[in-house]
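Here are my notes on the model you sent over, as numbered points. Have the viewer open while you go through them.

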Amino acid sequence: MSTNKVGISVISCVLTLVVGFLALNFMPSEKQIETQLTRQYDIHDAQFRRSMGVLLGPPIIEGNKVDTLLNGNQIFPAMLAAIRGAEKTITFETYIYWSETIGEEFSAALAERARAGVKVHVMLDFIGSMKMNDEAMQKMRDAGVQLQRYHKPAWWKLARLNNRTHRKLLIVDGKIGFTGGVGIADQWRGNAANDKEWRDTHFRVEGPVVGQMQAVFTDNWTKSTGVVLDGAPYFPPLKAVGSMPAQMFSSSPTGGSASMHLMYLMAITAARTSIDMSASYFVPDDLAIRALAAAAKRGVKVRIIVPGKEIDAGIVRLASRERWGDMLKAGVEIAEYQPTMYHVKALVVDALMVSVGSTNFDNRSFSINDEANLNVLDPEFARAQVHVFENDWKKARRMTLAAWNNRSWTEKISGEFASLFGSQL
Ligand SMILES: O=P(O)(O)OC[C@H](O)CO
């Protein structure tokens, strides 16, 4: 064999070993949920509540008040008012934060509070905040804001590159919390009045559950900085301010990664009458498809709103539509929102249980990213969310089984291709 050939063989062996090594390191080391859950109780049963409390982590606690904020016009003023009213602490964790009009407004408000002596901690996902300029970040740091960027890509930490913080949390003085779908970028401004203004819903929370929200924020803050945020400025005594039982819980590949997947499967399996799901990115795995189809077959009215053509990630829509066949056959109703990008993330089951927060209905949220959701078990709140859902449903176009079967061959092929990346979407 010539020296050249020996060299090429050695290089190809080394490359194969490197690729194999990387592939093994990116594969999940622990098992995910594999079997369909057995239906043992209804959403209204005490056992559902008990199981949610013990299996997901934090207990469901009483005495909360949750206000619904629709679209940027309601969401941003409420968040900015809370920030501007902060007296002791602000903790803010988000995925998307871009230097634009609304980004500047947030930066200015956070910096102003830091200068006034408020302890301000901001955790931005590194990838999600790549469109934020260094100058804007420096201005905040100069004002005293403690700003961290989560999981900076590094070649020696490749395995965590894919793990982003997708959580959307703002907690002020440990007393007022916000969560929901919104990111800090200009497409969320406005009132979903045209295709430049995204449709989204966020929530303002008060009551004892805000302590759980604060604990979720401290999780990634401690992981990233080694500093524990504790004491009354972050965890003040919280009195009951309303009547809603609620629970804030989180998931991350570094601990409790199955929680979100499990929560959705438990809620869908326990449904008796209705499931209304708003899913900005809907790429269900086989278990979720089976759970939704089984619900429809036992008579649950299952309605899902997803984005239509106005979506920022075309590959997600392709992979999503490819998976609808079994659900449509089982009677699940799926409709695509028409006016603009639909970025709402909400689940309402049996007009009692509502889950809202950062989680998308896809594998990226279920097992790759860090997520946080608020569960509320309150009939009045759930009815209000059903009302919001009904309004969105009117602006969404139903996909029938016949139309799905008649998709063009180009859509079918591109759907199958997109579906190959399903585990990463
Ligand atoms: O990942 P999400 O759900 O926060 O959405 C972010 C958007 O895709 C940003 O373009």
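1. Start with His-343: one of its polar side-chain atoms sits 2.7 Å from an oxygen atom of the ligand. Keep in mind while looking at this that the model is predicted. As for how covered the ligand is, on its own it has 300 Å² of accessible area, and the protein covers 85% of that.

2. Two further side chains are worth putting on screen with His-343. Tyr-281 has a polar side-chain atom 2.7 Å from a ligand oxygen. For Asp-312, the distance between an N or O atom of the side chain and an oxygen atom of the ligand is 2.8 Å.

3. Which residues make up the whole shell? Around the ligand you'll find Tyr-95, Ile-96, His-166, Lys-168, Trp-198, Tyr-281, Asp-312, His-343, Lys-345 and Asn-360. By class, that shell splits into four nonpolar, three polar and three charged residues. If you run a pocket search, note that the ligand takes up the space of the second largest pocket.

4. Next, two backbone spots to check. Asp-173 has a positive phi, near 55 degrees, and is not a glycine. Where is Asp-173 in the fold? You'll see Asp-173 in the loop that links strand 5 (169-172) to strand 6 (176-180). Its relative accessible area is 12%, so Asp-173 counts as buried, the cut-off being under 20%.

5. Asp-350 is the other one: phi is positive here too, about 50 degrees, and again the residue is not a glycine. Asp-350 belongs to the loop between strand 12 (345-349) and strand 13. Is Asp-350 buried or exposed? With a relative accessible area of 5%, Asp-350 is buried, because that value is under 20%.

6. Follow the chain on into strand 13, which covers residues 353-357 and includes Ser-355. Ser-355 has a relative accessible area of 1%, so this serine is buried as well. What does the Ser-355 side chain make a polar contact with? The partner is the side chain of Asn-375, at 2.7 Å.

7. For a quick second pass, I'd go back to the ligand and display the side chains of Tyr-281, Asp-312 and His-343 together. After that, look at the loop residues Asp-173 and Asp-350, and finish on the Ser-355 to Asn-375 contact.

Note on methods
Residues numbered from 1 in each chain as written. Predicted model: local features only at pLDDT ≥ 70, side-chain atom pairs only at ≥ 80, totals over all residues. Heavy atoms only, no water. Near = heavy atom within 4 Å. Polar contact = N/O pair within 3.5 Å; in protein donor to acceptor, adjacent residues only side chain to side chain. Areas by Shrake-Rupley, 256 points an atom, 1.4 Å probe, with all protein chains shown as cover. 1 Å grid on protein atoms, 1.4 Å probe; cavity = no way out; pocket = protein on both sides within 12 Å on 5 of 7 lines; lining within 4 Å. Sits in = over half its atoms within 2 Å of the grid points. Nonpolar A, V, L, I, M, F, W, Y, C, P; charged D, E, K, R; others polar. Helix = DSSP H or I, 4+ residues; strand = E, 2+ residues; numbered from the N terminus. Buried < 20%, exposed > 50% of the residue type's maximum accessible area, 1.4 Å probe, protein only.
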